[in-house]
Amino acid sequence: MNKSTNNAGWDNTDLQALKESEARFRSIVLWSPDAIIVSDAKGKIEYINPAAEKFFNRKMESFTGKDFGLSLIDGETTEIDIFRPGKDPGVGDMHVVETEWLNKKAHLIIIRDITERKLIQEALRENAMKYRALFETANDAILLFADGKWDDCNEGALKVFGCTREQIIGQDPTRFSPPTQPDGRASNEEAFKLINLAYTTGPQFFEWTHCRADGTPFAAEVSLNRLDLKGKPYIQAIVRDISDRKQAAEKELELAKAREIDRLKSLFIASMSHELRTPLNSIIGFSGIVLQGLAGELNDEQKKQIGMIKSSGAHLLALVNDVIDVTKIEAEKIQLTIEEFDLARLVREIRDSFAPALKEKGLTLKLDQPDKLAMKSDERRVKQIIMNLVSNAVKFTDKGSIGIRVAGDLPAGRHGGERISIAVKDTGMGIKAEDMGKLFKQFSRIIVPGQALREGTGLGLFLSQKLAGILGGKTDAASKFEQGSEFTLTLPIEYKEAKT
Amino acid sequence: MAVKYVLKLYVTGTTLRSNAALKNLKKILDETYKGVYSLKVVDVIKQPKLAEDDKILATPTLIKILPPPLARIIGDFSNREKVLLGLDLVEVRGGAK
Amino acid sequence: MKKILIVEDNEKNMYMMNFMLTKKGYQVIKAETGELGVELALKEMPDLVLMDIQLPGIDGMEATKRIRASKADGKIPIVAITSYAMTGDKERVMAAGFTGYIEKPINPDTFMAEVERFIK
């Protein structure tokens, strides 16, 4: 049979078969998505496929004849970076095999483009690191819960709950909660309810009372979030210890309440003192005016009776003033007006004010003091104390004399600074030794059998002692029953605010 | 002591791969040719032109410039024998002085 | 005849002070509120103003401040009628522009003497 042959003498059928075979293999190489490079024994490039052109971002011409280099790793896959100008470097999985190419030793190099995969891997790794960093360094407790118990937790959890990791992992979620919540609900029930909600409906955010490992409860803010990891549903719990914040809020509330109570106290004292004194104005005022005869002539009986109204009014005023002072002292609302004044002048004024009373009882009052004595204190309160002492002296002395001795050069007291003393001595009825203890107490009135109870509020000495203290001084009493008494007020010559 | 071996290492950035390759290579060179080699490291990202001039296609690539012949190898340089073989270097017994 | 303006909202207190002053021969002008007090002080130019501190509307301190601020007060002496507890601070009273003060409750035996101290 006559086979058709071509010019070179090849059998046409064979040629056809060869062409088809070549076409098949060429397709494989041309269409392969992986880069295929053939280099000679020394590494010089003989052939590259279109995928290689694409991957290396270079045209065929720029490859041929160039040195790829010998791979040190034969038969195994190794990762390499692809240098491609005009593009970011790529990453490839390279596999090299020794082979033959046109009857010479050659290397078949197949490189798979894994640039994309590497980027994703890197991004994932970064994310994981970021998350891990956040997870570990967060101050709040972050815990993962699955299958009904704690699966993992961060350092923060150890700090918040005050225990080791082993004490948390494996525990059921209510291990670190008290049996009931502040509103009475059972922690168990409520916790599972919330965890379920987090699984089914979405993130939960709520306040919760937890317990530390040692049992001490603390207020916390909790957020529960469902996380699906590796196909398993986890709950991520973030527990923030807000006990500090709560404490601060509570303290703020307490302070606000205290401030409000204080404000109400001041208001009460101010309005009480005003309200109580107002009617007294009329009682004392009008009875005084009438007694002066300004509203017409009075007969003796009228004078007498209206006189009693006036003196009762004055007595009531004294009581009101004392009670208001006591209230102020109790509420610590005494305000001092500190200024310089002449104590000697003040004592003389006091003596003069008692002149009528002294005359009536036939008593003498002698002063023993320097002509001038400058001091710095609350003049009104100093006057109040001395007046009280002198008033007592006059009240409890029926015959004899009263002496006021002012000494201005006492040695320095406990707080440093000079002190002065004002001693009021009388020849009155005196005080029994056993009654001395009751002297400065509130409402104490010493009852002497056979004697009428002397008029008084019972608060005078109490106030005198307290006020003396507030001014930085003190009061003392010495007495001999039926012979007389001496009450001494000691004060710093210059008032100094006590350092708290 | 003259430098006998002049080498150039091309790497891409300061990745784990680049650092490992350099470390491995240095170890081998210091063990075998201490004091008589010079190694230049080029980061293709920082100096792409140099990489282009040297017709670098992939990294890590090590080029032996001296002594001739020129040699070019790709790999992680963890296998000492393969490195020396690839560089066409003959190990001189008794030290390289 | 000297004129005295009393600014006081309490009827009885007003009656008392008015009684004593008119008995002593003074002409008394009355104002029950701070605002009226300011108006009359500037209009009538009295020889003395007795100003209670506790007043409805603007209080005695505010009224006195306004009188002084008007610059047309002719330096009238203004005396505060004050219960010590209310003000608590003598400086505050003087700083508002008062010439002096008289303490409540009013002492009928010394009131006139205290008042006349302030009238030139």
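In which pattern do the strands and helices of chain C follow one another along the sequence? Read in that direction, chain C shows β-α-β-α-β-α-β-α-α-β-α, which comes to six helices and five strands, where helices (H or I, at least four residues) and strands (E, at least two) are DSSP runs numbered from the N terminus.

This is a predicted model, in which local features need pLDDT of at least 70 and side-chain atom pairs count only at pLDDT 80 or more, while totals for chains, interfaces and linings use all residues. Residues are numbered from 1 along each chain as its sequence is written, and chains are lettered from A and ligands numbered from 1 in the order in which they are written.

Of the 120 residues in chain C, 38% are buried, that is, with 20 or more other C-beta atoms within 10 Å of their own, these atoms being placed from the backbone.

Where chain C meets chain A, the contact (C-beta atoms, placed from the backbone, within 7 Å) takes 19 residues from each of the two chains. On the side of chain C, α1 (11–23) and α4 (84–87) each supply at least two residues, and the largest share, six residues, comes from α1(C).

An open sheet with mixed pairing runs in the order β3(A)-β5(B)-β4(B)-β1(B)-β2(B), where two strands pair if DSSP finds at least two bridges between them. Several of its strands are listed here.

| Strand | Role in the sheet |
|---|---|
| β3(A), residues 70–71 | edge strand, pairs on one side only |
| β2(B), residues 37–43 | edge strand, pairs on one side only |
| β1(B), residues 5–11 | antiparallel to β4(B), five bridges |

Conventions: A residue is buried if 20 or more other C-beta atoms lie within 10 Å of its own, exposed if 12 or fewer, and partly exposed in between; C-beta atoms are placed from the backbone.
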